[in-house]
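Trainee: I should be grateful for a close look at one part of this structure, with the neighbouring features described in relation to that part.

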Amino acid sequence: MASNVKLINIIFDLICFILVLVVFIVIKILLYGTAEGLYPYKREFMCGDTSIHQPVKEETIGYDVIDPLSFVIPIVVIMIVEACNNMTRSDENQVEEEKESYGPITLKPWIASMISLMVVFTFGGFVIGILTDLSKMTVGRLRPSFLTVCQANVTQADCQGYVTKDVCTGDPYDVKMARMSFPSGHASMSMYGMLFLAFYIQSAVRAETKLLKPLLQMVAVSLSLFAGLSRLAGNFHFLNDIVAGFILGAIIAWLIAFKVLKLFAIRIRKPKVYTFLPQQRPTSITGD
């Protein structure tokens with residue numbers, strides 16, 4: 001009966017996961033897959049505004065780097081640490097833990113916990129992606145290189161003073177991308193992944209040294225800071241776009257680590273179990 005209840009709860013969790021995944025994919029396709037589709041708010045501008053007339057520079061860190069940094073590295077670290085912790089527990093206890101049943105599926109507790117960690121972490125990544133893209137669409141802030149990409153004809157009467165019409169002659173897709181400066185996706189995604197990794201390292205890595213964990217955590221967060229600030233040097237974002245991205249990523253990382261997975265509390269009480277998979281209530285023992 002207990003295994004059936006667990007299975008039902010897991011099915012509901014998977015439905016939520018798939019729902020968020022579908023929304024994430026649909027937004028990505030409609031927002032980034034075409035010059036039309038979902039379009040950010042068309043913010044008005046001044047053709048003489050030098051703050052949005054910066055040159056377009058080559059991208060130093062693209063999403064081909066951000067995605068592995070934000071997702072692949074944390075997942076690989078989780079797999080390695082969980083496997084090492086399991087081997088350590090096995091050596092200490094000399095007793096193999098009983099497998100847990102989830103309907104027709106039977107898993108070792110540490111494998112179930114590891115899967116739980118990775119699924120919830122990935123779920124949070126989809127959430128941060130959705131929030132970032134919806135914010136970009138809603139705000140429609142112009143990038144520092146907007147006028148360079150827009151290629152507005154400043155001699156036209158429509159480009160004199162405060163522009164409320166579409167006077168851009170540049171590539172329509174590039175113009176669309178140039179209207180999505182706030183917040184920085186590089187900053188929000190990288191901060192989410194690296195800060196969550198720092199929280200996880202603090203809760204799960206067993207080290208006798210005092211400086212190993214702080215070093216790993218500082219490296220992780222520094223990678224996020226470098227990835228986000230690189231967008232400032234490339235004229236892709238303003239500083240407050242990047243700061244907002246860092247804050248958004250940090251908030252979601254904190255919520256996932258402390259409020260959903262409850263990493264530190266569960267590690268103290270019962271290291272092998274996480275909240276994504278339902279926990280059995282402990283039975284009371286009476287007598288000697």
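**Helix H8 and its surroundings**

Mentor: In this predicted model, the best starting point is the nonpolar patch on the surface, to which H8 gives the largest share, seven residues. The patch is formed by Leu225, Leu229, Leu232, Leu239, Val243, Ile247, Ile251, Trp254, Leu255 and Phe258, and together these residues have about 820 Å² of accessible area. Two helices, H7 (212-233) and H8, each supply at least two residues of the patch. Ile247, one of the patch residues, is located in H8.

H8 also packs against another helix. Two packed helices are described by the angle between their axes and the distance between the axes. For helix H6 (residues 185-204) and helix H8 (residues 239-260), the axes come within 7 Å and cross at roughly 35°. The crossing in which H6 passes H8 is right-handed. By class, this contact comprises 16 nonpolar residues, three polar residues and no charged residues. On the H6 side, the residues involved are Ala187, Ser188, Met191, Tyr192, Leu195, Phe196 and Phe199. Their partners in H8 are Ile242, Gly245, Phe246, Leu248, Gly249, Ala250, Ile252, Ala253, Trp254, Ile256, Ala257 and Phe258. Trp254 and Phe258 of H8 thus appear in the contact with H6 and also belong to the surface patch.

Following the chain back from H6, one reaches the loop between helix H5 (172-177) and H6, where Pro183 lies. Pro183 is joined to Phe182 by a cis peptide bond, with omega about -10°. A second backbone feature concerns Gln151, which is not a glycine and yet has a positive phi of about 55°. Gln151 is placed in the loop between helix H4 (146-150) and strand E4 (162-163). Both features merit attention because most residues other than glycine have a negative phi, and most peptide bonds are trans.

Charged pairs complete the description. Side chains of opposite charge can pair when their charged atoms come close. Three salt bridges are found in a search of the whole structure. One of them links Lys28 with Asp133, whose closest N and O atoms are 3.0 Å apart. Because Lys28 lies in helix H1 (residues 2-32) and Asp133 in helix H3 (residues 109-139), this pair ties together parts that are 105 residues apart in sequence. The contact of H6 with H8, by comparison, contains no charged residues.

Technical notes:
Residues numbered from 1 in each chain as written. Predicted model: local features only at pLDDT ≥ 70, side-chain atom pairs only at ≥ 80, totals over all residues. Heavy atoms only, no water. Axes fitted to C-alpha atoms, helices over the stretch in contact; angles between N-to-C directions. Helix = DSSP H or I, 4+ residues; strand = E, 2+ residues; numbered from the N terminus. Left-handed = near helix turned anticlockwise from the far one by under 90°. Contact = heavy atoms within 4.5 Å. Nonpolar A, V, L, I, M, F, W, Y, C, P; charged D, E, K, R; others polar. Patch = residues over 30% accessible without salt bridge, like charges linked within 9 Å, V, L, I, M, F, W, Y side chains within 5 Å. Areas by Shrake-Rupley, 256 points an atom, 1.4 Å probe, with all protein chains shown as cover. Salt bridge = Lys/Arg side-chain N within 4 Å of Asp/Glu carboxyl O.
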